[in-house]
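Trainee: I am new to this model and would like a close look at a single part of it, with enough of the surroundings to place that part in the whole. Could you take me through it slowly?

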Amino acid sequence: SKMCQPPKEPPVDAAAAIKQLYARHDPDKLNEVDALLTKFKGREAQLLAAVTAKYCPDDVDRFARIVKLFSEDADVNRMLRGFDEDATAKGIDKRRLIMFKCPTVDTLVILGDKQNLMTRMSSNGVELDISYLPIEQLRPMVAQILEAPGDNAIYATTLEQTESFDPEKEMSLLVCAPS
């Protein structure tokens with residue numbers, strides 16, 4: 001199967017990502033992309049999501065599975081919360097972003113599969129670049145990203161969510177896919 005992910009972040013340039021998906025999956029329609037982008041001006045992220053869903057339904061399902069597992073599963077939540085106890089002991093602000101950078105598509109598959117994830121976490125772990133960004137580090141980082149060209153709205157949203165969540169009940173997660 002063809003590799004099918006939006007380009008590596010940050011930043012996701014939605015227009016470029018859309019062109020890339022058409023070039024890969026429907027090259028005959030490449031000449032219509034500019035007109036499509038004009039029509040969706042300011043809503044490129046939604047357009048990218050729709051085009052991804054059309055040509056790469058697996059990717060959309062994969063992210064949905066990860067979100068469901070990480071938000072609803074008590075065991076997975078306990079495992080993630082373990083990382084927070086240390087912060088509490090040190091009196092660090094628990095509003096933080098946990099950022100998972102997946103080096104391969106296989107990593108994404110593991111993240112959405114509870115048995116596989118739990119087994120790997122208790123043995124040799126998952127090949128992941130995990131960063132825990134406390135809110136005071138996240139603010140300047142996002143400010144910098146937002147100055148860069150391209151559509152970086154996901155980072156603004158990520159910061160907003162991290163600022164507003166209740167640290168006793170919620171976590172802020174960002175999963176980055178490989179390109």
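Trainee: What percentage of the 179 residues in the protein chain do buried residues make up? After that, please look closely at helix α1 and the loop that lies between α1 and α2.

Mentor: Please keep in mind throughout that this is a predicted model. Buried residues account for 36% of the 179 residues in the protein chain, where a residue counts as buried when its relative accessible area is under 20%. The secondary structure amounts to 9 helices and 3 strands, and along the sequence these elements follow one another as α-α-α-α-α-β-α-α-β-α-α-β. If we consider contacts between residues at least 6 apart in sequence, 70% of them join residues that are at least 24 apart.

Now to the part you asked about. The axis of α1 and the axis of helix α3, which covers residues 44–55, come within 9 Å of each other and cross at roughly 20°. With the angle under 35 degrees, α1 therefore counts as roughly parallel to α3, and the crossing of these two helices is left-handed. On the side of α1, the contact is made by Ala-14, Ala-17, Ile-18, Leu-21, Tyr-22 and His-25, while α3 brings Glu-44, Ala-45, Leu-47, Leu-48, Val-51, Thr-52 and Tyr-55. Sorted by kind, the residues of this contact divide into 10 nonpolar, 2 polar and 1 charged.

Two of these residues, Leu-21 of α1 and Tyr-55 of α3, lead us on to the loop between α1 and α2, where Asp-26 lies. Leaving aside residues up to four places away in sequence, Asp-26 touches Leu-21 and Tyr-55, so to speak one from each helix of the contact just described. Is Asp-26 buried or exposed? Its relative accessible area is 17%, and Asp-26 is therefore buried, since the limit for that class is under 20%. Asp-26 also forms a salt bridge with Lys-29, in which the closest N and O atoms are 3.6 Å apart. The partner, Lys-29, has a relative accessibility of 31% and counts as partly exposed, so this salt bridge has a buried residue at one end and a partly exposed residue at the other.

Helix α1 has a salt bridge of its own, for the side chains of Lys-19 and Asp-34 meet at 3.2 Å from N to O. Because Lys-19 belongs to helix α1, residues 14–25, and Asp-34 to helix α2, residues 33–39, this pair ties together parts that are 15 residues apart in sequence. Lys-19 is partly exposed at 35% relative accessibility, and Asp-34, with a relative accessible area of 47%, is partly exposed as well.

These two pairs belong to a count of 5 salt bridges. For another one of them, we can turn to Asp-75 and Lys-114, whose side chains meet at 2.7 Å, again from N to O. Asp-75 sits in helix α5, residues 74–89, and Lys-114 in helix α7, residues 114–122, so that this pair ties together parts 39 residues apart in sequence. Salt bridges with shared partners join Asp-73, Asp-75 and Lys-114 into one network. Within that network, Asp-75 has a relative accessible area of 28% and is partly exposed, and Lys-114, with 23%, is likewise partly exposed.

To set the pairing of α1 with α3 beside another helix pair, consider α8 and α9, which pack at an angle of about 160° with their axes 9 Å apart. This angle makes α8 roughly antiparallel to α9, and here too the crossing is left-handed. Ile-135, Leu-138, Arg-139, Val-142, Ile-145 and Leu-146 of α8 meet Tyr-155, Ala-156, Leu-159, Thr-162 and Glu-163 of α9, and the residues of this contact divide into 8 nonpolar, 1 polar and 2 charged.

The loop between α8 and α9 holds Pro-149, which counts as exposed at 68% relative accessibility. Although Pro-149 and Asp-13 are 136 residues apart in sequence, their C-alpha atoms are 8.0 Å apart in space.

How values were computed. Residues numbered from 1 in each chain as written. Predicted model: local features only at pLDDT ≥ 70, side-chain atom pairs only at ≥ 80, totals over all residues. Heavy atoms only, no water. Salt bridge = Lys/Arg side-chain N within 4 Å of Asp/Glu carboxyl O. Helix = DSSP H or I, 4+ residues; strand = E, 2+ residues; numbered from the N terminus. Buried < 20%, exposed > 50% of the residue type's maximum accessible area, 1.4 Å probe, protein only. Axes fitted to C-alpha atoms, helices over the stretch in contact; angles between N-to-C directions. Parallel < 35°, antiparallel > 145°, perpendicular 65-115°, else oblique. Left-handed = near helix turned anticlockwise from the far one by under 90°. Contact = heavy atoms within 4.5 Å. Nonpolar A, V, L, I, M, F, W, Y, C, P; charged D, E, K, R; others polar.
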